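Dear colleague,

I am passing on a structure that I would like you to look at, and below it I have set out what was found. Please keep the structure open beside this message as you read.

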Amino acid sequence: MDFFIQLLVNGLSVGFLYGLSAMGFVMIFKSSSVLNFAHGELLALGAFVFLSLHAVVQLPIAWAFLATLTGCFVLGFLIERFFLRPLIGEPLIYVIMLTVGLAAMLRGLLLLIWGGNLRTLPDFLPAWMDIQAGWLRIPPVYMAAILVGILFLVLFGLFFKYSAQGIFMRSVADNQRAALSLGVHVRRVFALSWGIAALVAGMSGIILGLMNGISVHDLSAVGLKVFPVVILGGLNSITGAVIGGLIIGVLEAFTGGYLSPSLRDVVPYIALVVLLLVRPYGLFGLVEIERV
Amino acid sequence: MEDALLEINNISVVYADVIQVLKGVSLQVPNRRIVSLLGSNGAGKTTTLKAVSGLLKPENGRVTDGAILYEGHPLENRSPEQITRLGIIQVLEGRQPFKYLTIEENLRVGTATRWGKPYRKDLELVYHYFPVLWERRKALAGYCSGGELQMLVMGRALMAHPKLLLLDEPSLGLAPLVVEEIFRIIARINGEQQTTIILVEQNARIALEIAHYGYVMENGKIVMEGTSETLKDNPDVKEFYLGGGAGGPGAYQQPKSYRRRKRWL
């Protein structure tokens, strides 16, 4: 039982990170129907920028953290501005291929600058995050993942529900033509969703890096894991992304703990196939509202 | 005519560089009046509205010739973001709500042109014109009825404080009673908010009832214009758009019936 709960907690905290990165992915998909294949690279980029700012530039942790997040946001914004905007109105497949190219380019750039070795981030998390309740121990990184996950979820929930910009973003996702007719700045919404997605990706990159060390290949592979997560949760549901992330995280933890660590990476896809047979639109995917 | 808020001079519109839809359309919209644009399907009414609102661009259409002047400023081929901020809002044909947003969130999207400004008063105004929306304000738009949705999209446009409202077929697919109610509200908005309105309609009878002035379009051209009264009495309009007309009811029962030839052909 102890082992079970320990695995559950570990799974959930990793799951929050998967959910967070999936959330950014879903945001881009919802507003512009683009599948971003460069998501894993954005994750890795966040972690490396943080590493450099902290270890090389010697910024204090909090500043390095803020600067990384701002940098990621700006980068997402710029990616949209320079690479995607010229393709607005072109067939979607061009745009998706462009993100594949972007992934290759970013990965090359990361390897060029930081090399392919595994780096470790200095452990900076405060001691109070190390939770020891009887036999249950939550290491600080896992605690941080859970806290950050919950924090961002609440923030984004509020943003999309109440803020004007959040409602505009949802309106573009819902009916782009109508949004345009009311003067919603659709291109700005695209840029904003890329910015937010990159920010969240960078954030999860940092924490995943704390957990397992930073390497270009490992972190960009997490980008691939985003696919089962979002498809499980439903491609256009932000809540679904998070819950999908939690499920995949827990599944991985259990497979790793009870079956064999080498099966970890396979089980999410098996779960995905089974679920898609039962609910083709994912757990929380929009069931198309149809007027009859 | 009185001072024109919008003046369209001889515009041509081409889609995808090859399909010419408008072939020299000119019309004038006087300030604070309702102008209706009548005509059968494919006449180019919607395209005319889109040329004004800038929504041709996303559909790969372009104004190739002529000029659109709004308060003296040229509008042709500007982006919808710019045009909506000048106070021109188009209500699209077929309602187009944001299905997964609640009624109130839908209305808030209408404030996009003046983002960051308070909007409580405008919400109240919209609920004042359309009390049904108040009752349904927490409901997802996807689950509302056709009449409610038509009111919703008109209210959504009102949130933007339009000076010129372009209404595309507000009566589409609605029950006659609902149509009447909606047209009563359109007339009230025009009278009370001083909003200038261009009304595109298939239902010529009810459109001419509330409009001050009308244009008839056919095949991408304006074929007739006049005040609503003159149009209502015109024998051609009567026969082709109002039903009945010269032959009167029962015209088809007579052994030899033939249709009037359109005078402008």
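A good place to begin is Ile68(B), which touches Ile8(B), Ile11(B), Ala51(B), Val52(B), Pro74(B), Leu75(B) and Glu76(B), when residues up to four places away in sequence are left out. Please bear in mind throughout that this is a predicted model. Ile68(B) belongs to strand β4 of chain B, and it counts as buried because it has 22 C-beta neighbours inside 10 Å, where 20 or more are needed for that label. One of the residues it touches is Ala51(B); although the two are 17 residues apart along the chain, their C-alpha atoms are separated by 8.4 Å.

From this residue you can move outwards to the sheet that holds its strand. Strand β4 is part of an open sheet of 4 strands in chain B, with the order β2-β1-β4-β5 and antiparallel pairing. The edge strands of this sheet are β2 (19–30) and β5 (73–74), each of which pairs on one side only. As general background, strands of a sheet pair through backbone hydrogen bonds, either parallel or antiparallel. Here, β1 (residues 4–15) and β4 (residues 61–70) of chain B pair in the antiparallel sense over 8 bridges, and you can find Val13(B) standing opposite Val63(B) in β4(B). Helix α1 (residues 45–53) of chain B lies across β1, β2 and β4, and runs at about 70° to β2(B).

Chain B also has an open sheet of 6 strands, with the order β6-β7-β8-β3-β9-β10 and mixed pairing. Its edge strands are β6 (88–91) and β10 (221–227), each pairing on one side only, and the twist averages 15° from one strand to the next. Within this sheet, β7 (residues 164–168) and β8 (residues 196–201) of chain B pair in the parallel sense over 5 bridges, with Leu166(B) opposite Ile198(B) in β8(B). Helix α1(B) lies across β3 (34–38), β6, β7, β8 and β9 (213–218) of chain B, running at about 150° to β7(B).

Finally, some words on the chain as a whole. The secondary structure of chain B comes to 10 helices and 10 strands. Its radius of gyration is 19 Å, close to the 18 Å that the globule rule gives for 265 residues, so chain B is as compact as a globular protein of that length. Of these 265 residues, 44% count as buried, and among contacts between residues at least 6 apart in sequence, 69% join residues at least 24 apart.

With best wishes

How values were computed
Residues are numbered from 1 along each chain as its sequence is written. Chains are lettered from A and ligands numbered from 1 in the order in which they are written. This is a predicted model: local features need pLDDT of at least 70, side-chain atom pairs count only at pLDDT 80 or more; totals for chains, interfaces and linings use all residues. Two strands pair if DSSP finds at least two bridges between them. Helices (H or I, at least four residues) and strands (E, at least two) are DSSP runs, numbered from the N terminus. Two residues are in contact if their C-beta atoms, placed from the backbone, lie within 7 Å. Axes are lines fitted to C-alpha atoms, for helices over the stretch in contact, and angles run from 0 to 180 degrees between N-to-C directions. The radius of gyration is taken over C-alpha atoms; the globule rule is 2.2 Å times the number of residues to the power 0.38. A residue is buried if 20 or more other C-beta atoms lie within 10 Å of its own, exposed if 12 or fewer, and partly exposed in between; C-beta atoms are placed from the backbone.
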